[in-house]
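Work through the exercises below with the structure at hand. Each task is followed by a solution in steps.

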Amino acid sequence: MTSERTQVAIIGAGPAGLLLGQLMHRHGIEAVILEARSREYVEARIRAGVLEQGTMEVLREAGVGERMEREGLVHRGIYLCFDHVLHHIPMTELTHGRSVMIYGQTEVVKDLIEARQKAGAPLLFECEDVTVEGLEHDEPVVRYRHGGAEHELRCDIVAGCDGFHGVCRPTIPEDALTVWERGYPYAWLGILADVPPSTDELIYAYSDRGFALHSMRSLTRSRLYVQVDPDEEIAEWPDDRIWSELHQRLASDGWELAEGPILEKGITPMRSFVAAPMRYRSLMLAGDAAHIVPPTGAKGLNLAVADVTVLADALIGHLTAGSDTGLDEYSDRCLTRVWRAQHFSWFMTTMLHLDHSDDTYGRQLQRSQLRYVTTSTAAATSLAENYVGLTLEQTAPAGATP
Ligand SMILES: Cc1cc2nc3c(=O)[nH]c(=O)nc-3n(C[C@H](O)[C@H](O)[C@H](O)COP(=O)(O)OP(=O)(O)OC[C@H]3O[C@@H](n4cnc5c(N)ncnc54)[C@H](O)[C@@H]3O)c2cc1C
């Protein structure tokens, strides 16, 4: 058994854990990142791809924005498609110049891993049986197995950045957490296709066959999704069937969808979930470990980055100036923003997806909402400012000093 000490033990090398490690390193704070999976697995895990303006700024300031600036695609709007017509929401025009960047989560993760390795800062992959103990004492301990040996890591703070299925949140006694949850009767079947996008900006399509999304990862790779049932088997979806659904659901006058080889496909269930508070003694939860949203609002990765930005400030205050104010306010500061994103993600999801009930009243409401956001500047502005991302100041708890 080896025993070591660090200031911050970070569990999980997703966007939250890696970015926190980078911000700690830049402020001279020691941290060790422990990740259950291999580097190859983490770098290949295809997930989000839309970065809010605020996320781009944080990555730039953290010194990991160089490749994103070079290869990312700036988008200034989105399309909503219904009744075979594309309607443009000019987000930049409606939000005083704000925009989003298309740059895959896989690329963000690769950039952060490379930065950490260049800095020579500890990042351990393939850690097994990670446990968090001693939260009731001043010095919590993280135990894990790595390279066949048992290790213990004593620290000041544990950052639980280990995603929805991680070990940190379950470490918190049940009566110390409140959980809010909503399931949805649909899932997304996503493909990555080796074909240039057929659109300059994302298309969110409402159709009688269900929702579809045309997204992208670069100028040569398209990412497309169709709504499916949550219990659908991927084996029931050969490539031809996927393309056929995409053509039908995305169809609009004068527009053609280009097909290409499918490189990857998978089905993602949808859930909304929040656990609060995001702090238990010296354990701080960040990102998917504390909350998840359905992907329709493109918020999951951006929320993880926003949490970590607040957490980094709190840790710097605690570890360099002995101030606990940031740690005490961390959960409330994050949660007001989390709930705004929860609402927006629910709003986009319920506006665009079909359930299998014969709820014709509900469908009329969806169509009315779609007509409203595509004809009213006020409604379009509300959608646009949520999509490009509200700032932490805009979502500060009532009465808080930004
Ligand atoms: C399939 C899928 C598709 C998605 N698509 C989109 C999308 O299109 N748009 C969008 O905005 N969001 C999307 N999301 C959500 C977005 O990817 C997440 O919100 C984001 O990854 C959150 O980052 P995170 O660092 O908090 O968590 P994660 O990225 O989940 O990282 C957690 C890390 O902790 C590690 N870990 C877990 N348990 C342990 C343990 N016991 N010990 C050590 N390490 C551990 C995991 O291996 C992982 O590397 C998607 C999520 C999924 C699952």
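## Exercise 1: a pocket

The second largest pocket holds about 420 Å³ of space, in a model that is predicted. Task: find which residues lie nearest the centre of this pocket, and which helix supplies the largest share of its lining.

Solution.
1. The lining has 24 residues, and G54, V58, E61, T309 and L392 lie nearest the centre.
2. Helices α1 (15–26), α3 (53–61) and α9 (300–321) each supply at least two lining residues.
3. The largest share, seven residues, comes from α9.
4. By kind, the lining divides into nine nonpolar, seven polar and eight charged residues.

## Exercise 2: two helices

Task: state how the axes of helix α11 (residues 360–375) and helix α12 (residues 377–388) cross, and which residues make the contact.

Solution.
1. The two axes come within 5 Å and cross at roughly 95°.
2. Angles of 65 to 115 degrees count as roughly perpendicular, so α11 is roughly perpendicular to α12.
3. From α11, the contact uses Y372, V373 and T375; from α12, it uses T377, A379, A380 and L383.
4. Five of these contact residues are nonpolar, two are polar and none is charged.

## Exercise 3: a sheet

Task: in the open sheet of eight strands, identify which strands stand at the edges.

Solution.
1. The strand order is β7-β6-β15-β16-β17-β14-β18-β21, and the pairing is mixed.
2. β7 (85–89) and β21 (291–292) each have a single partner strand, so they stand at the edges with one side lacking a neighbour in the sheet.
3. Within the sheet, β16 (residues 212–216) pairs with β17 (residues 222–228) in the antiparallel sense over five bridges; H214 has L224 of β17 as its bridge partner.
4. Helix α11 lies across β6 (78–82) and β7, at about 140° to β6.

Technical notes
Residues numbered from 1 in each chain as written. Predicted model: local features only at pLDDT ≥ 70, side-chain atom pairs only at ≥ 80, totals over all residues. Heavy atoms only, no water. Axes fitted to C-alpha atoms, helices over the stretch in contact; angles between N-to-C directions. Helix = DSSP H or I, 4+ residues; strand = E, 2+ residues; numbered from the N terminus. Parallel < 35°, antiparallel > 145°, perpendicular 65-115°, else oblique. Contact = heavy atoms within 4.5 Å. Nonpolar A, V, L, I, M, F, W, Y, C, P; charged D, E, K, R; others polar. 1 Å grid on protein atoms, 1.4 Å probe; cavity = no way out; pocket = protein on both sides within 12 Å on 5 of 7 lines; lining within 4 Å. Points joined across faces, edges and corners; volume = space filled by probe spheres on them. Pairing = 2+ DSSP bridges.
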